[in-house]
Amino acid sequence: MRHAPASLKTIAAAACVGLAVAACAVGPNYHRPSAASPQRFKEAEGWKPAEPREAASGSDWWSIYQDATLDSLEKQIDISNETLKASEAAWRQATALVSQARAGLFPTIGVTASATRAGGTGGRATAATTGGTVTPLKHPVNEFELLGTASWDLDIWGKIRRTIESDVAAAQASEADLAAARLSAQATLASDYIQLRVADEQRQLLEKTVDGYKRALEITQNQYRVGVVAKSDVITAQTQLGGAQSQLIAIGVTRATLEHAIAVLIGKAPADFSLPPQALSATVPVIPTGVPSSLLERRPDVAAAERRMAAANAQIGVAIAAYFPDLTLSGQYGFANNVVSGLLHSSNNFWSVGGTLNETLLDFGARPAQVRQVRAAYDQTVANYRETVLTALQQVEDELATLRILEQQVEVQEQTVKSADLAVQLTLNQYRAGTVAYTSVVTAQAVALGDAQTLLTIRQNRLVASVALIQALGGGWQAASIGTAAGTAATLANEAAAAR
């Protein structure tokens, strides 16, 4: 036991030297590269909505649509969506890698206990009991040993710290991926829901149209009975009615498909889910866009790409550290004896302490190639980041243009529908009076139906575009939330725990 203090002093001294040297970390420190950042969105010019709407503080983005059914469906995504669960599991893997890498900064400590019994004329005694001499074993010999070990890879050149830096950035990118997957699922659900409600309104429109065509057919049949019109008018009216009825039936396919898609998004089997028909909200919310530079902090996919740059940058330091020697401290302290009862006596102790310095002298270009590889990988992440930013800017501009143009189109189309409905009434009255042929009625009714369907399509496109704009702007997400209690990962974990 008297040797233990000396060994501890030796280890402590070596550790202090290692820690003093370990203040440096080779490789470049990370700085975010520049990316496209215009001063304004071009497509927002000349379009000044009177009252732009956004979700109230603390509210989810879809609340601006003021639809209780949509609100209920969206909340189920966090708990039941399987794609989101897969992304959350990937994030947990990434955070576990961070903990694993951080453990490398500290010593590894272990303990070993062994018991052996040896005998035979060709046997040998162990070094611990005989000082290394080889002695024939005339009688069986017992050997008991209790050994504590410790090893410490000193991070002199920052290899472990750069690895941790890379793993932390990768975990942050994974959480941003999780937020992007969540936003994508939410936006897809909202778009599917809007299209389903439009299908409900198309059904109502076609049901109304079928009723109108039935009345027109009755008028034609009555006039045919009194000999005012030819049989061809009746056949034409029947044909027109059948076409509208066929369209009405076909709407069922679209609605069923959308209902099934919504079921899968909220983690339910399509057979266990249904949505009763409901009117579509007439209000198209217009969302404040802010400035383009804010997308760098509001888009989860942009944040994920930026964090992958940081991870790749740290890997350069890991590769460069391979040029320098690796120092590992190790030590042992234990007891050995041929009987268990006196094993822990001071006369049976032994210890060792030392260090190992590893340096590669010749690798035929392996290390330079590795450095070139990680530098190229970093350059790739920079290009991917800049492309992601450009794509984000494009998506915002696209949806702004879509909303601005559709707002102009819907005003014209609403007036067109009114004119078409009036034309149907006038033409039908003229037909009753016998001043126009039935073909004029058919033409007017067909135009009116087409214009009404076009108006519904424009309304659908405007609402879907508003969802896409919210998604393009990040859905209220902030990069600063990564790793916090308000972050996506923590929120999903809390909601999953509450659901259990």
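**Exercise 1.** Find the residue that stands opposite glutamine 332, and place the pair in the sheet.

*Solution.* Start at glutamine 332, which stands opposite serine 352 in β4. This is a predicted model, in which local features need pLDDT of at least 70, side-chain atom pairs count only at pLDDT 80 or more, and totals for chains, interfaces and linings use all residues. Residues are numbered from 1 along each chain as its sequence is written, and side-chain values use heavy atoms, with hydrogens and water left out.

Next, take the strands, which are DSSP E runs of at least two residues, numbered from the N terminus. Strand β3 (residues 326–337) pairs with β4 in the antiparallel sense over ten bridges; pairing requires at least two DSSP bridges between two strands.

Finally, widen the view: four strands make an open sheet, ordered β1-β2-β3-β4, with antiparallel pairing. β1 (108–118) and β4 (349–358) are at the edges with a single partner strand each, so one side of each has no neighbour in the sheet.

**Exercise 2.** Work out how helix α5 and helix α10 are oriented to each other.

*Solution.* First, read the geometry: α5 (residues 159–225) and α10 (residues 438–472) pack at an angle of about 170 degrees, and their axes are 10 Å apart. Then apply the cut-off: angles over 145 degrees count as roughly antiparallel, and α5 and α10 are therefore roughly antiparallel.

**Exercise 3.** Is alanine 383 buried, exposed or partly exposed?

*Solution.* Locate alanine 383 in helix α9 (residues 366–433). Its relative accessible area is 45%. Buried means under 20%, exposed over 50%, and partly exposed in between (1.4 Å probe, protein chains only), so alanine 383 is partly exposed.

Notes. Axes are lines fitted to C-alpha atoms, for helices over the stretch in contact, and angles run from 0 to 180 degrees between N-to-C directions. Angles under 35 degrees count as roughly parallel, over 145 as roughly antiparallel, 65 to 115 as roughly perpendicular and the rest as oblique.
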